[in-house]
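Student: I have a structure to look at and would like to go through it step by step. Where do we begin?

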Amino acid sequence: MTNVKSKAPEKTNSSSIQRRLIPTYIFLIIVSFISVFPLYWMITAATNNTVDVARGKIVFGNYAATNFKNLIAQQNLAQGMGNSFLYAGVETLAALLICSLAGYGFELYHDKAKDKLFAVLLLAMMIPQVATMIPLFKIMSHAKLLNTVWAFVLPAISTPFLIMMFRQNSRNFPVDIIEAARIDGCSEIGIFFKMYMPVQRATYAAAAVITFMNAWNAYMWPKVVMNKTSAQTMPMLIANLAAGYKVDYGVLMMGVLFCSIPTMIVFFVLQKQFAEGITGAVK
Amino acid sequence: MRKKLVSILLATVTTVSLAACGSSTASTTASSTAGDSTATATSDASAAASESTDTAAATAATTAVNVDTANEGDDTLSVYAWDANFNIPALKDAEKDYQDNVDPNFKLNIIQASQSSDVENAITLAASAGDYSTLPDIVLFQDHYFHKYVTDYPDAFQSVDDAGVDWTDFGAEKLSYSTVDNKHYGFPVDNGTVIMAYRVDLLKQAGYTIDDMKGISWDDFIKIGQEVYAKTGKYLLSMDGDGNDLVYMMLQAEGVSQFKDNTTPYISDNKTLVEVVNKIVEMQQKNVLYLANDWSEYTDQTIMGDMVAGVMNGNWIIPTIEQVKDNSGKWEITTMPTLEGNGKEGYASNGGSSLYITANCKKADLAKKFLAYTFGGSTVTYDGALKDGGVITTCISAGKSDAYQAGVAYFNNQPIYSQIVAMGANVPVIQQSDYHYDCRTQIAAAIQNIIGGADATSALKDAEDQLNMDMGN
Amino acid sequence: MKAKKMSVTAKQRRAGWIYLTPATLLIAIMSFYPMVQALFTSFKTGSSAHMRWADPIFNNYIRMFRDKLFIRSLGNTFLYLIVEVPIMLILAILLAQLLNNKDLKFKGFFRTCVFLPCATSLVSYSLIFKSLFATNGLINLILVKLGIFESNYNFLGTPSSARAIIIIALIWRWTGYNMVFYLAGLQNIEYSVYEAAKIDGANGWKTFWKITVPLLKPTIVMTMIMSINGTLQLFDESVNLTSGGPANTTITMSHYIYNNSFGKGVANFGYASALSFLVFMMVAVLSAINMKAGDKRD
C-alpha cells in the first residue's frame with residue numbers, strides 16, 4: 001500500500017513522491033485501458049462496414065456516413081431518442097421527488113413504526129424482476145396503460161435503494177435548522193422544498209445518474225409493455241438492428257453509439273456531484 | 001472535519017431559510033417551483049429533455065398509442081413482423097402491390113419486433129391478461145410454434161378457410177404448419193428449403209467439383225471435408241452449436257422425426273437419430289464441421305469471417321453468404337448429402353414463418369382479401385419480396401416467374417431461386433411437435449456433451465429425460 | 001436524535017407519514033402485490049389463458065428438485081457469486097485506496113475511466129466480449145503469438161472457460177461502480193487517523209486492515225448486499241454473452257426462469273413463478289445474514 005505510506009507528512013520533495021508512485025500509475029493506466037478499450041472499439045466499429053467489424057478490425061474506417069444513412073433509413077432514430085429521453089426523464093424526475101421525500105420522512109421524522117416500515121420496504125429490493133413481470137403486465141393491461149410512459153416508469157419510480165440513499169444522506173441534515181425554520185413559520189413541506197432540496201444537491205445528482213442510467217438502458221420490461229413502433233426506446237431499436245437473419249454490424253454499432261452518448265453525457269456532467277452524493281450515502 | 005462541515009451547512013441553510021421563510025404565506029406555490037428548479041438543476045442533461053416534455057408527456061404518450069391501431073382508417077391494417085432485411089421488405093412490397101392494383105387508399109402499418117419471440121410473447125401476455133385487444137390485426141408467426149399456440153390459445157386466431165386461396169398451389173410441407181384440424185390459419189410467406197452451398201474454388205483446390213457433391217453420403221462428405229481442410233484450412237460445414245439445426249435437417253432428409261407424436265419424443269431408441277448424432281460428432285472431431293458457440297458466431301465468424309467452404313441451412317441464409325462481396329461468383333448450391341448416398345439426394349426445410357389474422361382484427365374481410373391477393377399468389381408481391389428481401393416463395397405458380405428464372409451472379413449465374421423452389425417440392429412431411437425448439441436445445445446440449453467426452457447413449461437419454469420433463473410428461 | 005424525537009408533535013408526525021405515502025404505495029402496488037400474485041401463480045399450471053390449480057398443489061415446487069437443469073443453474077449462480085463478488089470487491093477497495101492518494105495526479109481521469117464500463121450499453125459490451133474471446137479473436141491471437149497456447153482455444157465453447165468469461169465480464173463492468181462507493185467511504189475517513197497510525201509505527205498493510213477496512217465496514221456491507229442481490233438475479237450476461245451455453249452449462253437461475261416464461265415459446269408461468277419464489281427466499285436470507293453480521297451500529 002504505497003499510497004498510504006506516501007500520505008505520511010514527511011518533507012520529501014514531490015519528484016521523489018511521484019517516483020514512488022510509478023507502479024501505482026502503471027497499474028492505473030492498465031486498468032483504465034482495459035476499462036476504456038471496449039468503448040474505443042465501439043466508436044471505431046461505427047465507422048467500419050459489417051465484415052470488418054465481424055473480423056475484429058480495431059482502427060477507424062470510412063463507413064461512418066454510410067452507416068448513419070442506413071441507420072436512419074432502417075429505424076426511426078429521432079423517435080427512439082425522443083422516447084428514451086421522455087421516459088428516462090420522467091422516471092428520473094419522479095423517482096427523485098418521491099424517493100427523496102420518503103428518505104427525508106424516514107430519517108427526520110423517524111419513529112419505531114416508520115423504521116419497521118422501512119425494513120419491510122427493503123424486502124422489495126430482493127424481489128427478482130422476472131417474478132413480477134407477468135402480474136405487472138396484467139395490471140398495466142387492465143389499467144389501459146400499455147404503450148404509455150406510465151407503464152414504463154411506474155414500476156421503477158419508487159426503489160428501496162434510492163430511498164435508502166436519501167435516508168442515509170439525510171443523517172447529516174442539521175435538525176436545529178428545521179426547528180428554527182418552524183419557529184419562523186415555515187410550513188413542513190416548505191422546509192423540504194426550500195431547505196432540504198438545495199442542501200442535498202449532490203445526493204440528487206447521484207440519484208439522478210443512477211436512475212437515468214437504469215431507465216435509459218432498461219430493456220426487459222419495456223419489451224413487455226411497449227409493443228408499438230411509436231413507443232420504442234433506444235435499446236429496443238438496437239435490438240431490432242441486432243436481430244434478423246443478417247446483421248449489419250457497422251449500422252448496429254452506430255446505433256449503439258447513439259444509445260451510449262446520453263448516459264455518458266449525464267455521467268460526465270454530474271460526476272463531481274455524483275461522487276459527493278455517494279460520499280454522504282456511505283457515511 | 002465533520003463539525004466544520006455541519007457549521008458550513010448551517011450557515012448556508014440559515015441564509016437560504018431566511019430568504020425562503022420571509023413570507024411564509026407564499027409557501028405552497030413558491031416552494032413547488034423552487035423544488036422543480038432544484039430538481040432540474042441537479043439532473044441537468046435529463047432535465048433538458050424532460051422539463052419541456054414533462055407536462056406534454058401524458059398527452060404525447062396517450063396519443064402515440066392511438067396513432068398505432070385505434071385511429072386507423074378502414075383501409076389500414078397493422079401487422080407484427082421482425083426482420084428489417086427479410087420479411088419486412090416483403091410486407092412493404094405486398095402493401096404496394098395491393099395499393100397499385102386493388103385499393104389506392106390501403107395502408108399497412110408494420111410494427112417491428114426485434115425477434116420472433118416478441119410476437120409469441122405478445123400473444124402469451126395478452127392471453128394472460130385475458131385481453132387480445134393489444135394485438136395487431138395480423139402477426140407473422142414462426143411455423144414450428146403455431147400448433148402449440150392454437151392449442152393453448154384457441155381464441156387468439158381466426159381461420160382463413162373462406163379467403164378464397166388455392167391451397168394446392170403451395171408446398172404441402174409448408175402448409176402442414178399452418179393447418180390445424182384441417183382448418184387453414186396462415187398465409188405462407190417464406191420458404192425454408194435447405195440448400196447446401198459450396199465454395200467451388202476451394203473444392204477445386206481439393207480436386208472436386210460441385211457435381212461430385214451431389215447425391216453423396218455423409219461418409220463421403222466427411223472424407224472430402226478432411227481433404228478440403230488439409231488443403232485450404234477451411235471447414236466444409238459450420239453450425240450454431242447451441243441451436244443445432246443439423247440434427248433436424250439431416251433427419252428430415254431421411255424422412256425421420258424426433259417425435260413419435262406431438263408429445264412423445266423419439267430420441268434414444270431412434271436408430272437414425274443416433275447415427276446422425278454420431279456423424280455430427282465425427283465431423284466435428286475430424287475438422288469437417290465447426291460448431292459455433294451461438295448464432296452470431298455462426299453467421300459473423302464462420303460465414304462472414306470466411307472460415308468455411310460450405311454452408312447448409314434454410315435458404316434464408318443466402319443474404320448472409322452474400323455479405324462477403326469478395327467471394328462473388330465462387331459459390332454454387334446443390335442438395336444435401338444423405339446417410340445412404342449413392343445418388344440419393346437429401347431434401348429438408350428449416351425455419352420459416354407465415355402470416356396469421358388475430359382475434360383482435362375487426363377488419364377480417366379486408367385482412368383476408370389483402371393476404372389472399374398478395375401472399376396468396378401475386379407474382380408482383382413475390383417478385384418484389386425476392387428482390388428486396390431475398391424471400392423465396394413456397395407458392396408453386398409464383399415461383400415460375402421470370403425473376404425466379406434469372407441467374408444469380410453471386411452464385412456463378414446459377415438460377416438458384418428456381419432450383420430452390422423445385423427442391424422445396426421434394427421435402428418430406430414428417431411428424432412435427434410443439435416442442436421442436438425445446439428438443440433442438442436438448443439434443444444440441446447432448447452433442448456438446450458427447451464431444452466433451454460423455455457417452456453417446458447416456459447423453460441422449462439425459463436429453464430425452466429433460467425434454468420429457470419440459471413437456472410435463 | 002433523542003432531542004428531536006421528544007419535540008415531534010402530532011402534526012409533524014402526520015407530515016412524516018405523508019412524505020412516505022407515495023413511495024410506500026408505489027412499492028406496495030408495483031412490487032409486493034405482483035409478488036403475492038406470483039405466489040398464487042406458483043401453485044398453478046397450464047397455459048397463460050387457462051391456468052388451473054396444480055395437483056398436487058406443491059407440484060411446481062416438487063418439480064424443481066427433479067429438474068437437473070434448474071439444479072445446474074443454481075450451481076452456476078452460486079459459483080459466480082462465490083468467485084466473482086470477493087474478487088470484484090477486493091479489487092474495488094484496492095483501486096479506491098490507490099485513487100485516494102492526495103499526491104496522485106489525474107485522479108479524476110482514472111476514476112472516470114474505471115467507472116465508464118457500467119455506463120456502457122449492454123449490447124456493445126456483450127458484442128465486444130464475444131468478439132474479443134472468439135476463437136479467432138484478439139485474445140487468442142495474443143496468446144498464440146506469445147506461445148502460451150499452441151492453437152486457438154474456443155473460450156466461449158468450453159464450459160469452464162465460458163463461466164470464467166462471465167465472471168471476467170462482471171468484474172469488468174461492476175468494479176468501477178463499487179469503487180466509487182469505497183472512494184466515497186474513504187474520503188469520510190479523516191486524514192489524522194492515518195497520521196496517528198503512522199506515528200504508532202503501523203505499516204501500510206497493517207493500516208489497511210486495522211483502520212481502512214473497519215472504517216469502511218458499512219460501505220462493505222452495503223456493496224456486498226447489492227452484489228449478492230445482483231448476482232443471484234444475474235440475467236444479462238448469461239443471456240447476451242453465452243446464451244446459457246454451451247449446452248446450458250453457464251445458465252443462471254434468472255435466465256432459466258425467463259426461459260420458462262418467455263424464452264422457448266412454451267410459457268410455463270406456474271413453474272417460473274415457483275422458481276422465482278425460491279430466488280426471492282435465497283436473496284432475503286443471504287441479505288439478512290449479511291446485515292446481521294456486518295451492521296452492529298444500531
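Tutor: We begin with a term: two strands pair if DSSP finds at least two bridges between them. Note also that this is a predicted model.

Student: In what sense do strands β1 and β3 of chain B pair, and which residue of β3(B) stands opposite Tyr80(B)?
Tutor: Strand β1 (residues 76-81) and strand β3 (residues 138-142) of chain B are joined by two bridges. Their pairing is parallel. The residue opposite Tyr80(B) is Val139(B).

Student: Which strands are at the edges of the open sheet of five strands in chain B?
Tutor: The order in this sheet is β2-β1-β3-β14-β6 (chain B), and the pairing is mixed. An edge strand here pairs on one side only. The edge strands of chain B are β2 (107-112) and β6 (186-188).

Student: Why does Tyr145(B) count as buried or exposed?
Tutor: Tyr145(B) belongs to helix α6 (residues 143-152) of chain B. A residue is buried if 20 or more other C-beta atoms lie within 10 Å of its own. Tyr145(B) has 23 C-beta neighbours inside 10 Å, so Tyr145(B) counts as buried.

Student: How far apart in space are Tyr145(B) and Tyr435(B)?
Tutor: In sequence, 290 residues separate Tyr145(B) and Tyr435(B). In space, C-alpha to C-alpha, the distance between Tyr145(B) and Tyr435(B) is 7.9 Å.

Student: Which helix gives the largest share of the side of chain C that touches chain A?
Tutor: The contact joins 77 residues of chain C with 72 residues of chain A. On the chain C side, 18 residues come from one helix, the largest share. That helix is α2 (residues 10-41) of chain C.

Methods
Residues numbered from 1 in each chain as written. Chains lettered and ligands numbered in written order. Predicted model: local features only at pLDDT ≥ 70, side-chain atom pairs only at ≥ 80, totals over all residues. Contact = placed C-beta atoms within 7 Å. Helix = DSSP H or I, 4+ residues; strand = E, 2+ residues; numbered from the N terminus. Buried ≥ 20, exposed ≤ 12 C-beta atoms within 10 Å, placed from the backbone.
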